[in-house]
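Visitor: Please take me through one helix and its surroundings in detail. I would like the cut-offs stated along the way.

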Amino acid sequence: MSTEIAISHVSRAFGGHTVLNDVSLTVKPGELLALLGPSGSGKTTLLRLIAGLDQPDRGKINIGDLDATARHPKERGVGFVFQHYALFRHMTVFENIAFSLRIRKVPKAEVKTRVAALLKLIQLETLASRYPAQLSGGQRQRVALARALASQPRVLLLDEPFGALDAVVRRDLRRWLRQLHDEMHITTIFVTHDQEEAFDLADRVVIMNAGKICQQGTPIDIYQHPTSIFVHEFLGESNHIPSRVHNGTVIAQAGFYLGEAAAPEGPVQTFIRPHHVIPRPNPRGAWSITRIAATGAHARISVTNTGTTLQAAMTADALLDSSLTPGQQVDIFFSGGTIFTEAKPGPTKLTPLKPTSAIHAIS
């Protein structure tokens, strides 16, 4: 049966520096949750507190019906996977996985059966007699995961589990892990600073910064509805355009129209994702294309107008159909955006101008 994790008002400081500041979080039974944030945001510290590798200064941690706040790691029913595998170099794959079972005095026959099942689960049955040095990075990480699962934990914790792997192996391994989780339904928390990794794997994402939780929700909800400038900027590239609102119209400081918004009069900060910037050829357009970079299936386009440079993005197929070329004059349209203002907490949606209205610099 899957286990809930309840973290209540947890704080932790080191040498007078607060690393976690009154953090409360509930992880649902069987959920795969990502702790996402920049280095130093408190993600790994929170994971270590759940595992029992460190103790909070204040607050409470429950794992299921167990008050685990001051319990020894062995009493928590937690499996922990580190970024750099932490495998025993002098032990074979089989013995690495069997290690925690032997410590618990599990009968030899049961050890053999359980390790064999785990080797099949991680698809390394033929490599049981190899040593870590004879494995690839992805294989080592799978062995580390099997070792964590050997003791049949109620909770699985992963600290940057793919950080030491190259991009292709990382992608394949996280998809394998997601499939494994869907089969086993162990309550899982993993730490990452990689947005793509978090969004690809997690049921829910918790964004942290400076020891606090900034926002939490499903990947699509957080990306589409960031509640702060920090979250918006952290979750991928945006065009940050200092602007002002006048009679409901949003105008960039550089003098071009952006759209409409139900925001108070005055200065605002406008953020527009590259895929919401749409260039269209026009010999008399106020913008010019300064660079086009194709990156596989997608293309990035830099457009400039009177000192302002914006980034646009589209699929490579759409670029071919558009006939856009460097040096070409274009009009720019915006299909969406987000506005933040000091006068109104939270974001405001930018409503694009009508498609027939070309956006030119205004005097």
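Guide: What follows starts with one helix and then turns to its aromatic, charged and polar surroundings.

This is a predicted model, in which local features need pLDDT of at least 70, side-chain atom pairs count only at pLDDT 80 or more, and totals for chains, interfaces and linings use all residues. Residues are numbered from 1 along each chain as its sequence is written, and side-chain values use heavy atoms, with hydrogens and water left out.

The helix is α2, residues 93-103. Helices (H or I, at least four residues) and strands (E, at least two) are DSSP runs, numbered from the N terminus. Buried in α2 are V93, N96, I97, A98, S100 and L101. Buried means under 20% relative accessible area, exposed means over 50%, and partly exposed lies in between (1.4 Å probe, protein chains only). The buried residues of α2 pack against two helices, α3 (108-121) and α4 (137-150). After α2 comes K105, with a positive phi near 60°.

α2 also takes part in a ring pair. The structure holds five aromatic pairs. Rings of Phe, Tyr and Trp (its six-membered ring) pair if their centres lie within 6.5 Å; planes under 30 degrees apart count as stacked, over 60 as edge-to-face, and the rest as tilted. F88 and F99 have ring centres 4.6 Å apart and planes at 50°, so this pair is tilted. F99 belongs to helix α2, while F88 sits in the loop between β6 (78-81) and α2, so the pair ties together parts 11 residues apart in sequence. F88 is partly exposed, at 27% relative accessibility. F99 is partly exposed too, with a relative accessible area of 30%.

Another pair is F256 with W287. Their ring centres are 5.0 Å apart and their planes stand at 80°, so the pair is edge-to-face. F256 lies in the loop between β12 (249-252) and β13 (257-260), and W287 in strand β16 (residues 287-295), so parts 31 residues apart in sequence are tied together. Both F256 and W287 are buried.

Back to α2, now for the space beside it. The largest pocket holds about 640 Å³. A pocket is found on a 1 Å grid over the protein atoms alone: it is an open set of points where a 1.4 Å probe fits, with protein on both sides within 12 Å along at least five of seven lines. Its lining residues have an atom within 4 Å of a point. Grid points are joined across faces, edges and corners, and a volume is the space filled by probe spheres set on the points. The lining of the largest pocket numbers 21 residues, with V78, G79, F80, S100 and R104 nearest its centre. β6, α2 and α4 each give at least two residues to this lining.

Charges over rings come next. A charge sits over a ring if NZ of Lys or CZ of Arg is within 6 Å of the ring centre and within 35 degrees of the ring normal. R142 places its charged end over the ring of W176, 5.8 Å from the centre. R280 does so over the ring of F333, at 4.5 Å.

Finally, T69. This residue lies in the loop between β5 (66-67) and β6. T69 is buried, at 14% relative accessible area. Beyond residues up to four places away in sequence, T69 touches Q55, P56, G59, K60, I61 and R76; contact means heavy atoms within 4.5 Å.
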